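Student: I would like a close look at a single part of this protein, followed outward into its surroundings. Please take it step by step.

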Amino acid sequence: MSWYEASSEPEMAEHGRVSGLAVTGRGEPAGAAYGESVGALYAVLGALGAPMVPLEGRWWVEDERSPFDVPREEWRWHLFLRLPDDAVSVGRAREEARAGVPAAARVQHVTYDDGLCVQMLHSGPYSDEPASLARMAALMDAKGLVVNGLHHEIYLSDPAETDPEKMRTILRQPVR
């Protein structure tokens, strides 16, 4: 299965190692830190001359409560842009981008391995994601699986899109 494909129903999938550009931060998705970090990622991607790819986020909270009960300014994230397998010179591209985008200094070259996952394509606004996540949790329960990594989202539409008819996000949860 392709990295950028998922069914509209919860499904099992296996995803191996991928590398890319990442920035770690804290704050609400519409906040200044998040926006600055997205800009830094795309500045380094542009300096690399790599193809445009969808923005991704791995999310968590450092709280016992459900993430939906935690104030959004306390949410934590790793934002990610996948690179082609042959990408090199990330350090040079980061320094080149840093001249115009100081936050590019925070961009790192990382590798992730989601492994076995439950995933689905969520269509509609981000505020409706809890219903999709509940469907994914039901599949996990039915198969006796538990969470084994950070909640992962791949924004197939522009993250700033406000028309619910155009919003598509892959929701992915590593499991074991």
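Student: In which strand is the place of Thr-169? Please start there and then describe what lies around that strand.

Tutor: This is a predicted model, and what follows should be read with that in mind. Thr-169 lies in strand E6, which spans residues 168-174. With a relative accessibility of 1%, Thr-169 counts as buried, because buried means under 20% relative accessible area. Leaving out residues up to four places away in sequence, the contacts of Thr-169 are Met-120, Leu-121, His-122, Tyr-126, Glu-129, Glu-153, Ile-154 and Tyr-155.

To place these contacts, consider the sheet. Six strands form a closed barrel in the order E1-E3-E2-E5-E6-E4, with antiparallel pairing, and from one strand to the next the twist averages 45°. E4 covers residues 108-123 and pairs with E1 in the antiparallel sense over eleven bridges; within this pairing Val-18 stands opposite Tyr-112, while Arg-17 has Asp-113 as its bridge partner. E1 is also joined to E3 by seven bridges, again running antiparallel, and there Thr-24 stands opposite His-78.

Two helices pack on this sheet. Helix H3, residues 129-143, touches E1, E4, E5 and E6, and its direction makes about 95° with that of E4. Glu-129, already named as a contact of Thr-169, is one of the buried residues of H3, together with Ser-132, Met-136, Leu-139 and Met-140. These buried residues lie on the same side of H3, because they cover an arc of only 100° around the axis. Their cover includes E1, E4, E5 and E6, whereas the face turned away from the buried side carries the exposed residues Ala-131, Asp-141 and Ala-142. As for its geometry, H3 has 15 residues and reaches 21 Å from its first C-alpha to its last, close to the 21 Å expected at 1.5 Å a residue. Just after H3, Gly-144 takes a positive phi of about 70°.

The other helix is H1, which touches E1, E2 (residues 56-60), E3 and E5 (residues 151-155), with its direction at about 20° to that of E3. H1 also leads into the largest nonpolar core, which has 26 residues, and in which Leu-21, Tyr-34, Leu-41, Val-44, Leu-55, Leu-79 and Val-107 touch the most other members. Two or more residues of this core come from each of strand E1 (11-26), helix H1 (32-48), strand E3 (76-82) and helix H2 (90-98), and H1 gives the most, with six residues. Val-44 shows how these parts meet: apart from its neighbours within four places in sequence, Val-44 is in contact with Leu-21, Ala-93, Arg-94, Ala-97, Ala-104 and Val-107. There is also a second, separate core of ten residues, which includes Trp-3, Ala-22, Tyr-112 and Ile-170.

To return to the starting point, Thr-169 is a buried residue of strand E6, and E6 stands between E5 and E4 in the order of the closed barrel, with H3 touching E6 as part of its packing on the sheet.

Key: Residues are numbered from 1 along each chain as its sequence is written. This is a predicted model: local features need pLDDT of at least 70, side-chain atom pairs count only at pLDDT 80 or more; totals for chains, interfaces and linings use all residues. Side-chain values use heavy atoms; hydrogens and water are left out. A nonpolar core is a set of buried Ala, Val, Leu, Ile, Met, Phe, Trp, Tyr and Cys residues joined through side-chain atoms within 4.5 Å. Buried means under 20% relative accessible area, exposed over 50%, partly exposed in between (1.4 Å probe, protein chains only). Helices (H or I, at least four residues) and strands (E, at least two) are DSSP runs, numbered from the N terminus. Contact means heavy atoms within 4.5 Å. Two strands pair if DSSP finds at least two bridges between them. Axes are lines fitted to C-alpha atoms, for helices over the stretch in contact, and angles run from 0 to 180 degrees between N-to-C directions. The expected span of a helix is 1.5 Å times one less than its number of residues. The arc is that of the directions from the helix axis to the C-beta atoms.
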